[in-house]
Amino acid sequence: MSLRFRLIYLIAIVLAANLALEAAIVSFHASRSVRTEMNSALQVGRQFVESALTDLPNSKDRRGDIETLVAAFKGNRHLRVSQSGGAAFVAPSLEGSHFGLVPRWFVRLLGITPLTARVPITIAGQNDGSILIETDPNNEILEVWNDLGDGFVVLALFFGLNILLIYVYIGRALRPLDRLAGALQQIGQGDYKLRIGGHTVPELSRLQWSFNRMATELAELDGEKHRLNEQLLTLQEEDRREIARDLHDEISPFLFAVNAGLTSISRLVHQGRSAEIAGEIQSTSEAVSHIQRQIRTMLSRLRPGVLADFGLAAAITSTVDFWRRRLPETRFTMSLPPEELSFGALHDTTIYRIIQESLSNAVRHGDPKEISVSVTLAPAESPQQNRITIEVANDGHGMDEKASFGFGLTGMRERIHGLGGSLVLFSEPGRGLLVTAILPVPATSNTGCNQLHALSFAGEV
């Protein structure tokens, strides 16, 4: 059932409850009112008859005067008057009703019973019959029935107009939801350019504003996704070209040398020149060793061997030692997790690449005298996650405010965002650069425990 018809259904229930309550209240008050009216009519009629009978002893035509007295009640709405013996009788006529006859159940609901009063006719001490006065509540009940019907009609018209207004207004007010449903369908199909406009109620206006903001952000994310896909394809193509160049320039010549050496050895064996075979074997072995070194170098670019073999802490230490040997005048400080601690292959690789890129940028562009590397683990706000904080700080030249992200920083940022983390660069010209990356990691991962474990090392050469 739609919202519009749910509201109408609820209003119909309220209407029925109001009608039932009004019927009960009207019936209660009407019953008392009719009884009071009948009692009053009976008393007035009795007093009128008694007053008229006091003049009968002086009357010359008593019978005619009694009939005239009874006839005087003609047109009375509430009383039925008759003379004993049936000589004279007057009854009220039943009035008309625009709602038809009063149903029996309503008469029983009111519970009005007729009242009677008998006034004796006494002349000169002799009883000359009596006049019977009876109440007839039919006209009064009919009047109550008409009033109740009028009230029901007014209430029905009132609620009918309300239902009509609600049907029309709710339909117009909810019309933007139809547009929103269509817009969401287009968003689901990848069309992020659609925006919803027009004036509407405040509640739907906020929804409309939120949808437009969501569509804008999705459009920006879609554009960023396409840009990243292009960049990824570019980087992949560069990696392929670099690998192909290494294979062509480094591997291929030495494979040719190995093949040539093996051919030469075979020829020397057939010619019986065994003294020269040792030299050819040595040359071939050197070519094979060179090929092995080049392959290890290529594999280390794809996946750091020390990271896979010895763990995160050892890989970071190896990278720092690499730069320490080349920059003996620079002081390096490290604060790392225990060597056995791992955050998972993807997180470990990301942490290693962040530190590797940050160190490379610091050395190439900052001319620092001191570099510090820190990796810490602490509980996050969510009980299901921990937070890894990676910081690489140097006291070099800092970063120019107008400088743009190169491939290295861009790749670092996308690695971090891909894991749901954040990257912050804080720099003051001439006072160094602080690279801070925060990565969420599930609390159930192989982190040993949820508390911070750190292994500190400080060295200066």
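Leaving aside its neighbours within four places in sequence, which residues is Ile 355 in contact with? The legends below, drawn from a predicted model, take up this question in the view of the largest nonpolar core.

**Figure 1. Overview of the protein chain in the predicted model.** The protein chain has 461 residues, of which 33% count as buried, and its secondary structure comes to 11 helices and 10 strands. Among contacts with a separation of 6 or more, 68% are made by residues 24 or more positions apart. The accessible surface of the chain comes to about 28,200 Å², and carbon and sulfur atoms account for 57% of that area.

**Figure 2. Close-up of the largest nonpolar core, with Ile 355 and its contacts.** Once neighbours within four places in sequence are set aside, Ile 355 is in contact with Ile 316, Val 373, Val 375, Ile 390 and Val 392. The core has 36 residues, and those that touch the most other members are Ile 316, Ile 351, Ile 355, Leu 359, Val 373, Ile 388 and Ile 390. Two or more residues of this core come from each of the elements α9 (312–326), β5, α10, β6, β7 (385–394), α11 (407–418) and β9 (433–442). Helix α10 gives the most to this core, with 7 residues. Another core, of 17 residues, lies apart from the one described above, and its members include Phe 73, Ala 88, Val 90 and Ile 121. In soluble globular proteins, nonpolar side chains tend to be buried together.

**Figure 3. Close-up of helix α10, residues 345–366.** Of the 22 residues of α10, 16 are buried, so the helix is largely enclosed by the rest of the structure. At 1.5 Å a residue, a helix of 22 residues should span 32 Å, and the end C-alpha atoms of α10 are 30 Å apart, which agrees with that expectation. Just after α10 comes Asp 367, which takes a positive phi of about 50 degrees.

**Figure 4. Close-up of the salt bridge between Glu 224 and Arg 227 in helix α6.** A search of the whole structure finds 10 salt bridges, and in the one shown here the closest N and O atoms of Glu 224 and Arg 227 are 2.6 Å apart. Both residues lie in helix α6 (residues 202–271), where they are 3 residues apart, or about one turn of the helix. An α-helix has 3.6 residues a turn, so residues three or four places apart point the same way. Glu 224 counts as partly exposed because its relative accessibility is 28%, and Arg 227 likewise counts as partly exposed, at 32% relative accessibility.

**Figure 5. Close-up of the salt bridges of Arg 273 and Arg 331.** Arg 273 forms a salt bridge with Glu 276, in which the closest N and O atoms are 2.8 Å apart. Arg 273 has a relative accessible area of 34% and is therefore partly exposed, and Glu 276, with a relative accessible area of 40%, is partly exposed as well. Arg 331 forms a salt bridge with Glu 370, with 2.9 Å between the closest N and O atoms. Because Arg 331 lies in strand β5 (residues 331–336) and Glu 370 in strand β6 (residues 370–379), this pair ties together parts that are 39 residues apart in sequence. Arg 331 counts as partly exposed at 26% relative accessibility, as does Glu 370 at 35%. Elsewhere, salt bridges that share partners join Arg 77, Glu 140 and Glu 143 into one network.

**Figure 6. Close-up of a nonpolar patch on the surface, with helices α4 and α1.** The patch is formed by Phe 5, Leu 161, Leu 164, Tyr 167 and Val 168, which together have about 490 Å² of accessible area. Helix α4 (residues 138–173) gives the most to this patch, with 4 residues. Leu 161 is found in helix α4 and counts as exposed because its relative accessibility is 54%, above the 50% cut-off. Val 14, whose place is in helix α1 (residues 3–53), counts as partly exposed at 43% relative accessibility. Although Val 14 and Phe 159 are 145 residues apart along the chain, their C-alpha atoms are separated by 9.3 Å.

Terms used
Residues are numbered from 1 along each chain as its sequence is written. This is a predicted model: local features need pLDDT of at least 70, side-chain atom pairs count only at pLDDT 80 or more; totals for chains, interfaces and linings use all residues. Side-chain values use heavy atoms; hydrogens and water are left out. Patches are made of residues with over 30% relative accessible area and no salt bridge: like charges are joined within 9 Å, nonpolar side chains (Val, Leu, Ile, Met, Phe, Trp, Tyr) within 5 Å. Accessible areas come from the Shrake-Rupley method with a 1.4 Å probe; for residues, only the protein chains shown count as cover. A salt bridge is a side-chain nitrogen of Lys or Arg within 4 Å of a carboxyl oxygen of Asp or Glu. Buried means under 20% relative accessible area, exposed over 50%, partly exposed in between (1.4 Å probe, protein chains only). Contact means heavy atoms within 4.5 Å. The expected span of a helix is 1.5 Å times one less than its number of residues. A nonpolar core is a set of buried Ala, Val, Leu, Ile, Met, Phe, Trp, Tyr and Cys residues joined through side-chain atoms within 4.5 Å.
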